[in-house]
Amino acid sequence: MKNNKGIRLLHKYLYGKPAFEEKAKVEKWYEDINENGDVAGSDELLQIKEQIYQRTWDKLNPRAKVIPFYKKPFFRVAAAAVVAVCITSSYFLFLNKSKPSATIAKTHTLALINDVAAPDANKAILTLGNGKRIVLDSAANGSLAQQGNAVVSKLNNGKITYNADNNVAAKIQYNTLTVPKGSKPVQLVLADGSEVWLDVASSITYPTAFAEKERKVEITGEAYFEVAHNVAKPFIVQKGDVEIKVLGTHFNVNAYDDENSLKVTLLEGAVKVERYGNESLNITPGQQAEINRQGKMELNKEVDIDEVMAWKNNWFNFNSLTVPDIMQQIERWYNVSVTYQGKPGNKHFSGIVSRSNNVSEVLKIMEQAGIKFKIEGKNITVM
């Protein structure tokens, strides 16, 4: 495949909806470069694959500077030639910050006792207006509760829905949906038809019906919104003194309290982000508003949407992150505690790996660069 055309096709294969013939072309192309088998037996083939990987990675990620990692069984085949680093089942390609060229390293066995598996259940908790708490994993499918004029239901796929007449006056009740650490994300359909995906260690508080002049919800953690369009009733997402105002759009909010900043990333439509009595920003698709702990607001015009939305698509997408940055995500997802022996250092890592993996597989990203770990049950020690 020619460079530009091939890169576009690979991107479409990985992140879009390729036509049947496009999908077949990519997979045939990858099989052609893989036909000689184990790279360990061929220095020439290994060198060629390194060159293909390096050129493709540089094209797709011109700003990436450090260790991309991947494990072939958890992604589509063509990813191995793009963002992945798997050459065989036991060899991984990675980039070290101090080494501009690709390197091959055997995987090491982590020192672990009782590896930690990825979340396999929806442990979210729905708190009703009267304070009653419903653990969704143990709740049967179907109607869960009556809240004012809204019927709350759990569908077969775990989605929570509200069926209400927003034009009928009724006592408005507020519900809170909380997704703890170690749970699968949860999808929620609000009474106006707006959809919300809630990541781990996150919560959303919302009215059971939208009878007022505005549709307002409050969040903690991270959530992705697809807001139903309604010019007469603006939709507002609040986190502390920050408000995100939309009419109908798709956007992601990262508002974890332990992060250095709050980030609003727009995928579709238009969004206004403002702080009470302070400045505001209007962002367009592909842009991100970022507010740091001091309240300073900045506009990022070049945002990696795939990185932002990786959590919703069940991926870790680390883009030049430090060990503490990565371990922070691991703590939330696997519900583990992390301790450090000595200072974690300032190395940066990049890579993509499925969140369906055991934690030991994710840690191999950093182990390739010499970072060692000890796993004992729900405790991880970074050595």
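The following questions and answers go through a predicted model of one chain.

User: How are residues numbered, and what pLDDT do local features need?
Analyst: Residues are numbered from 1 along each chain as its sequence is written, and side-chain values use heavy atoms, with hydrogens and water left out. This is a predicted model in which totals for chains, interfaces and linings use all residues, side-chain atom pairs count only at pLDDT 80 or more, and local features need a pLDDT of at least 70.

User: How many helices and strands does the chain have?
Analyst: Helices (H or I, at least four residues) and strands (E, at least two) are DSSP runs, numbered from the N terminus. Counted this way, the chain has 6 helices and 27 strands.

User: What percentage of the residues count as buried?
Analyst: Buried means under 20% relative accessible area, exposed over 50%, and partly exposed in between (1.4 Å probe, protein chains only). The chain has 383 residues, and the buried share of them is 50%.

User: Is helix α6 enclosed or open to the outside, and how many of its residues are buried?
Analyst: Helix α6 spans residues 359-367 and is largely enclosed by the rest of the structure. Its buried residues include the charged pair E361 and K364. The number of buried residues in α6 is 9 of 9.

User: How far apart are the closest N and O atoms of E361 and K364?
Analyst: A salt bridge is a side-chain nitrogen of Lys or Arg within 4 Å of a carboxyl oxygen of Asp or Glu. Being 3 residues apart in helix α6, E361 and K364 are separated by about one helical turn. They form a salt bridge, and its closest N and O atoms are apart by 3.1 Å.

User: Which residue forms a salt bridge with R332?
Analyst: R332 lies in helix α5, and its partner is in the loop between β17 (250-255) and β18 (261-268), so the pair ties together parts that are 74 residues apart in sequence. R332 is buried at 6% relative accessible area, whereas the partner is partly exposed at 42%. The closest N and O atoms are 2.8 Å apart, and the partner is D258.

User: Which residue forms a salt bridge with E243?
Analyst: E243 is in strand β16 (residues 242-246) and its partner is in strand β14 (residues 215-226), 27 residues apart. E243 is buried, with a relative accessible area of 8%, while the partner is partly exposed at 27%. The closest N and O atoms are 3.1 Å apart, and the partner is K216.

User: Which residues touch the most other members of the largest nonpolar core?
Analyst: A nonpolar core is a set of buried Ala, Val, Leu, Ile, Met, Phe, Trp, Tyr and Cys residues joined through side-chain atoms within 4.5 Å. The largest one has 76 residues, and its largest share, 6 residues, comes from helix α5 (residues 323-334). The members that touch the most others are F225 and F251.

User: What is the bridge partner of S143 in β8?
Analyst: Two strands pair if DSSP finds at least two bridges between them. Strand β7 (residues 142-147) and β8 run antiparallel and are joined by 5 bridges. In β8, S143 has as its bridge partner S153.

User: What is the phi of A201?
Analyst: A201 is found in the loop between β12 (195-198) and β13 (202-207). A201 is partly exposed, with a relative accessible area of 26%. A201 is a residue other than glycine with a positive phi, near 55°.
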